[in-house]
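Student: Could you take me on a close look at the open sheet in this model, and then follow the chain outward to whatever surrounds that part? I would enjoy one connected account.

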Amino acid sequence: MTALFVIFAIFAQTSTRMNKEQFLLKACRLGIIKFGNFTLKSGIPSPFYIDLRPLASSPELLKELSKFLLNSLQDSDFELICGVPYAALPMATAMSLESGIPLIIKRKEAKGYGTKKMLEGIFHEGQTCVLVEDVITSGKSLIETIDEIEKEHLKINDIVVVLDREQGGVALLKNKGYKVHTLFNISEVIDILHKHGQLAQEEVLRIKNFLAEKPEVKVSPEKRLKYEEKLAFQQHCAGKKLLKTAVQKKSNLIASIDVTTSEKILELAEEVGDNVVAVKLHTDIISDFSDDFISKLKKIAEKKNFLLFEDRKFADIGNTQQLQFEKGIYKISSWADLITSHAIAGEESLKVFGEKTAVVIIAEMSSKGALTDEHYKNQVVALAKKSENVIGCVAQSQLPENLLLFTPGVNLTSAGDAKGQQFNTPEKVITELATDFIIVGRGIYASADPKASAEKYQKAGWEAYLCLIGK
Ligand code: S5P
């Protein structure tokens, strides 16, 4: 019997069951959601705290929950059920009992003896397995579980989640190609509780404001993903190339060659090319820009294996940005692997850059008194997550893991300039912000020996990264 048939049969006989809303109200009486001021494991404050484990102590609700979860999988077919340990284990078990579909058990740690298996139960290669999770936040723990299950050659297409905290996890998994079915999201829960007089208006507003800010789960820097792991999430071809280059060259350095003649740029690109993943330009400061210059630079980029990054910081309506990107003397679209853009003109304005060029949007600026405050940054990040051609942001603080972080304002010997620039060391931005790429301008091109300086920044950046990932 297929999963589809079983699920249909369960619902055909249960027309008198409680609805989702009634279920939630009953479940809340078990204390599964608390409101107040909490600090999550990740260190961020939260006005609510969710713990679905008490549901396991109510056979009635657990059984009901399993039916809801199975119902949300009506259009999916699967041969096995697996819960993410520990909170989802009773849920997965109940789903298995309800549907007759076999359960497999994922261990949190491998046994220290015997078979050292991570998956227990009876299964065979190629079977499809649905994954059950209680609460989804960043999606990171789910991805770890998926990896371990896929290592056993089982196929995961669908993931069913009881509650989505609306903090990026669902998008992350969808980006990776999984179908995510969620029973509730936190906004819906808040609305239901308010409707039934269980949550005061001020509390609703406080929580909605918190959700609108989209506070991201901060990855504690020591838990940052490696470049190889980020490669697995990366959808954009230029983003992939950038990450691959970082691994191949053991470098997270982008040299910003802000000099004004083509000859000097070509000379510096030759000198520092081996040490960098990308060369960043401001083409509009070049006094003798020509197509010939670009073709020579492209050849160096190919030879030395780095990407070309135009720091145009577009900030106009889509139509104008498109003209600036494709036309004029620079014809940026014809050669740039990466570009920077502000997001000030909104989501649509970013679409004009097409699919080939990766866009890095400016979330925070490094200069003193910049107007890019936290509220602005959060809005830019939310937009970055939605836009397919955006691979990350320029910022001075952490980003969600699925966005790449580019940090300028990096210098080993200076704290700033007289025009507002503020500098940090590579160690600081990598260990404290988990920056993916450091952008260095004057620290390299204005030094007495740019080649030696590029080597120094490459080494400092890579060593700080290795230290962070524990190597
Ligand atoms: O916030 C920012 C964003 C950027 S892209 N702060 C910056 O400094 N940049 C760019 O990084 C800036 O335009 C310049 O090209 C480079 C920093 O150069 P440096 O000489 O100050 O290291």
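Tutor: Gladly! The open sheet has six strands in the order β5-β4-β3-β6-β7-β8, and their pairing is mixed. Please keep in mind that this is a predicted model. At the edges of the sheet stand β5 (119-120) and β8 (179-185), each of which pairs on one side only.

Let us start at the β8 edge. Here β7 and β8 run parallel and are paired over six bridges. To find your place in that pairing, look for D158, which stands opposite K179 in β8. Helix α7 packs on this sheet, where it touches both β7 and β8, and its direction makes about 20° with that of β8.

Now stay with β7 for a moment, because there is a cavity to see, and the cavities are defined as sets of points that a probe cannot leave. The structure holds two cavities of 30 Å³ or more, and the second largest has about 50 Å³ of space. Its lining consists of F23, L24, A27, I32, L52, L55, V162, L163 and F184. Both α2 (20-28) and β7 (158-164) supply at least two residues of that lining, and α2 gives the most, with three residues. By class, the lining has nine nonpolar residues, no polar ones and no charged ones.

Another stop on the sheet is the chain that follows β3. The loop between β3 (80-83) and α4 (89-99) holds Y86, and a cis peptide bond with omega of about -10° joins P85 and Y86. Such a bond deserves a second glance, because most peptide bonds are trans.

Back at α7, we can step from the sheet to the next helix. Helix α7 (residues 186-195) packs with helix α8 (residues 201-212) at an angle of about 175°, and the axes lie 10 Å apart. Since that angle is over 145 degrees, α7 is roughly antiparallel to α8. On the α7 side the contact is made by I186, S187, I190, D191 and H194, while α8 brings Q201, V204, I207, K208 and L211. Sorted by class, this contact has five nonpolar, three polar and two charged residues.

Further along the chain comes a second helix pair. The axes of α11 (residues 262-272) and α12 (residues 291-304) come within 10 Å and cross at roughly 5°. The two helices are therefore roughly parallel to each other. Helix α11 makes the contact through S262, I265, L266, A269 and E270, and α12 through F293, K296, L297, I300, K303 and K304. The residues of this contact divide into six nonpolar, one polar and four charged.

The loop between α12 and β11 is where N305 sits. N305 has a positive phi of about 60°, although it is not a glycine.

That loop brings us to the other sheet. It is a closed barrel of eight strands, running β9-β10-β11-β12-β13-β14-β15-β16 with parallel pairing. Neighbouring strands of the barrel are turned by 25° against each other on average, direction ignored. For one of its pairings, look at β11 (residues 307-314) and β12 (residues 338-341), which run parallel and are joined by three bridges. There, E310 stands opposite I339 in β12. On this sheet packs helix α15 (residues 374-386), touching β13 (358-362) and β14 (390-394), and its direction makes about 165° with that of β13.

Helix α15 leads to our last stop, the second largest pocket, to whose lining α15 gives the most, with six residues. This pocket has a volume of about 850 Å³. It is lined by 38 residues, and N175, K385, K386, S387 and E388 are those that lie nearest its centre. The elements giving two or more residues to the lining are α6 (169-175), α9 (227-233), α10 (237-249), α14 (347-351), α15 and β14. By class the lining residues divide into 13 nonpolar, twelve polar and 13 charged, whereas the lining of the second largest cavity has no polar and no charged residues.

Methods. Residues are numbered from 1 along each chain as its sequence is written. This is a predicted model: local features need pLDDT of at least 70, side-chain atom pairs count only at pLDDT 80 or more; totals for chains, interfaces and linings use all residues. Side-chain values use heavy atoms; hydrogens and water are left out. Axes are lines fitted to C-alpha atoms, for helices over the stretch in contact, and angles run from 0 to 180 degrees between N-to-C directions. Helices (H or I, at least four residues) and strands (E, at least two) are DSSP runs, numbered from the N terminus. Angles under 35 degrees count as roughly parallel, over 145 as roughly antiparallel, 65 to 115 as roughly perpendicular and the rest as oblique. Contact means heavy atoms within 4.5 Å. Ala, Val, Leu, Ile, Met, Phe, Trp, Tyr, Cys and Pro count as nonpolar, Asp, Glu, Lys and Arg as charged, and the others, Gly among them, as polar. Two strands pair if DSSP finds at least two bridges between them. On a 1 Å grid over the protein atoms alone, a cavity is a set of points where a 1.4 Å probe fits but cannot get out, and a pocket is an open set with protein on both sides within 12 Å along at least five of seven lines; lining residues have an atom within 4 Å of a point. Grid points are joined across faces, edges and corners, and a volume is the space filled by probe spheres set on the points.
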